[in-house]
Amino acid sequence: MELHVETRGEVLVVRPEGERLDAVAAIPFKDQMRGLTAGHRGPVVLDLSRVVFLDSSGLGAIVAVLKSLGMPGRLELAELQPNVDKVMRLTRMDTVFRISSSLADRLSGGWRDAG
């Protein structure tokens with residue numbers, strides 16, 4: 001899976017370029033994220049603006065990245081598409097992750113109520 005990466009201040013922003021984060025993409029995504037975040041001490045924002053489909057394997061990969069970062073709140077989500085947002089709500093992962101409605105909101109400190 002191709003990932004677009006940029007640093008904005010202390011924030012590492014990672015955007016998957018594919019439309020699906022599913023069983024096929026989950027392991028490469030998780031491995032690449034671990035490599036990208038190794039040694040990064042600031043927040044990591046996962047920009048999901050291009051992901052329109054997320055299955056349990058993709059969700060598991062996101063949770064695995066969260067766990068690999070160690071500290072709570074270091075992995076944040078932004079730009080969830082409606083179907084991805086629905087998965088987050090149905091699985092109650094919206095209570096685990098900080099979610100911003102837009103990347104610009106996140107970078108300016110604004111958060112939406114995910115619940």
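This passage describes the confidence of a predicted model, its sheet, the central strand pairings and the surroundings of one helical residue.

The structure is a predicted model. Averaged over the chain, the pLDDT is 90, and 91% of the residues reach 70 or more. In residues 111–115, by contrast, the pLDDT falls below 50, although this stretch has 17 contacts in the model beyond near neighbours in sequence. Where pLDDT is low, the predicted coordinates should not be read in detail.

Five strands are arranged as an open sheet, with the order β1-β2-β4-β6-β7 and mixed pairing. The edges are occupied by β1 (3–8) and β7 (98–100), each of which pairs on one side only. On average, and with direction ignored, neighbouring strands of this sheet are turned by 25° against each other.

Within this order, β4 stands between β2 and β6. Strand β2, spanning residues 11–16, pairs with β4 in the parallel sense, and three bridges are found between them. The pairing of β4 with β6, which covers residues 75–78, is likewise parallel and extends over four bridges. Val 45 takes part in both pairings: Val 45 of β4 is the bridge partner of Val 13, and Glu 76 in β6 is the bridge partner of Val 45.

The residues of strand β4 (residues 44–47) are directed to two sides. Val 44 and Leu 46 point one way, whereas Val 45 and Asp 47 point the other way. Burial does not separate these two pairs, because each of the four residues is buried, that is, under 20% relative accessible area. Asp 47 is thus buried along with Val 44, Val 45 and Leu 46.

Outside the sheet, helix α1 comprises residues 23–37 and includes Arg 34. The relative accessibility of Arg 34 is 38%, and this residue therefore counts as partly exposed. When residues up to four places away in sequence are not counted, Arg 34 touches Ala 64 and Ser 68. The contact with Ser 68 joins positions separated along the chain: Arg 34 and Ser 68 are 34 residues apart in sequence, yet their C-alpha atoms are 7.1 Å apart in space.

Technical notes
Residues numbered from 1 in each chain as written. Predicted model: local features only at pLDDT ≥ 70, side-chain atom pairs only at ≥ 80, totals over all residues. Heavy atoms only, no water. pLDDT = per-residue confidence, 0-100. Contact = heavy atoms within 4.5 Å. Buried < 20%, exposed > 50% of the residue type's maximum accessible area, 1.4 Å probe, protein only. Pairing = 2+ DSSP bridges. Axes fitted to C-alpha atoms, helices over the stretch in contact; angles between N-to-C directions.
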